[in-house]
Amino acid sequence: MGDHTMTSEWPQYGDDEAKALLEVLNSGNWGSTSGDVVATFQQEFAEYQQAGHAICLANGTLAIAVALRAAGVGIGDEVIVPPYTFIATASAALFVGAVPVFADVDADTHLLDPAAAEAAITERTKAIVVVHLAGRPANMDAFTTLGAKHGLTIIEDAAQAHGAAYKGRPVGAIGDLGTFSFQSSKNITAGEGGAVLTDSAELAGAVYSLVNVGRVPGGGWYQHEAVGYNLRLTEFQAAILRVQLRRHPALQEVRERNARLLTDLLTDVDGIQLAPEDPSITAHGRHLFMLRVRNRAAVLESLTAAGITRVSSGYVPLHRNHAVLQEAQAITTRLGQPYPEAPCPNADRVSTDTIWLPQPYLLGTEAQTHAIATAITAATQAAD
Ligand SMILES: *Cc1c(COP(=O)(O)O)cnc(C)c1O
């Protein structure tokens, strides 16, 4: 098998993944209860993100739910989340019987606004889930301060932010807990998978237990000290993840270089608004390249016609999602609690004018990146 590293193709893989998979196959240890590949990857990933502990699990959605439960968040508790994100950020709270409460994002960065989050705090608030959307680290100084001031657990949803760093510190264990996804589209992937990071031995033990049917590290097979799920990763997934982690730094360099070039080429184009530079972002995860444009429908149409077909029109904001609202209100109604609803005008606005390029577009050559910038510039000018 040759190296399958075609430009803009994703995933990128080669002989090393094939070899690692066959090693697991031939070892006969396909699960992490007998093999040690998951354990090894956990150590490597914890080191990569400079966290004390990493616990792998089935996916990034359940990683958030497990992080919430490990932090003691449960029935009727309120969890503050941004509305402009993937649904898992909010549905995870519902899975543990908690109520997702939406606080608005900053329109320039698409990230949860610390002031809006603080305004949403009530006596029932237990946690804030901060999302490093697109790979851009959120204002962790503000959120850790909020957490300390109000006694709240801060969870980083870093599903899009492998390798990202805030003021020199990799994301994931800056807050109390951080969650990652290794789903197909993410910058490190095994098709599916996730991880929870934390510096706290106590929280790591709680996460381990939730992922491993309530077992305790070093405890007996039928010794269930808590009620836990079974969310274990397989050794096959970890084998691929170990190789993908080794590939990540070089791929990030390419993404970073191309994202910077795109930023330079697009920053003064009339009708395009990019997120501002922020010196506290010392490494950007480069999962999505986001822009706000005028006349989005026309821009999308021109881009598709120019062959940029995987451009996205972004999220429908979750404070408008009927499934999430119905379930949240079902919980509050049963408990006789009010459902705290605040307007999220910035999320509404960015949901009408945002587009993004998924990360494979950042893996091309310099010439291809110039071509993408030219197409985007032409599309925005034609749409005016
Ligand atoms: C992908 C993603 C998730 C969920 O991860 P899965 O592994 O797909 O369950 C959660 N939050 C954000 C922001 C994501 O992008």
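This passage walks through a small sheet, some salt bridges and one buried arginine in a predicted model.

Let's start with the sheet. Three strands make up an open sheet in the order β10-β12-β13, and their pairing is antiparallel. On the edges sit β10 (272-273) and β13 (354-358), each with a partner on one side only. Between β12 (residues 288-293) and β13 there are five bridges, and R292 is found opposite T354 in β13. Lying across β10, β12 and β13 is helix α8 (residues 235-266), which runs at about 15 degrees to β12.

Next come the salt bridges, 14 in the count. One of them joins the side chains of R247 and E17, at 2.8 Å from N to O. R247 belongs to helix α8 and E17 to helix α1 (residues 15-27), so this pair ties together parts 230 residues apart in sequence. R247 is buried at 18% relative accessibility, and E17 is buried too, at 4%. Another salt bridge pairs K126 with D77, whose closest N and O atoms are 3.0 Å apart. Here K126 is partly exposed at 37%, whereas D77 is buried at 11%. There is also a network of salt bridges, linking E256, R260, E277 and R286.

Finally, what about R136, in the loop between β4 (125-131) and α6 (140-150)? R136 is buried but has no salt bridge. The nearest side chain of opposite charge is D278, 4.3 Å away, and a salt bridge has to be within 4 Å, so this pair just doesn't count. Still, a polar atom of the R136 side chain lies 3.0 Å from the backbone oxygen of P276. R136 also touches other residues, including T109, L111 and H284.

Methods: Residues are numbered from 1 along each chain as its sequence is written. This is a predicted model: local features need pLDDT of at least 70, side-chain atom pairs count only at pLDDT 80 or more; totals for chains, interfaces and linings use all residues. Side-chain values use heavy atoms; hydrogens and water are left out. Buried means under 20% relative accessible area, exposed over 50%, partly exposed in between (1.4 Å probe, protein chains only). Lys and Arg count as positive and Asp and Glu as negative; His and the chain ends are not counted. A polar contact is a pair of N or O atoms within 3.5 Å; within protein, one must be able to donate a hydrogen and the other to accept it, and residues adjacent in sequence count only if both atoms are side-chain atoms. Contact means heavy atoms within 4.5 Å. Two strands pair if DSSP finds at least two bridges between them. Helices (H or I, at least four residues) and strands (E, at least two) are DSSP runs, numbered from the N terminus. Axes are lines fitted to C-alpha atoms, for helices over the stretch in contact, and angles run from 0 to 180 degrees between N-to-C directions. Lists of a residue's contacts leave out its neighbours within four places in sequence.
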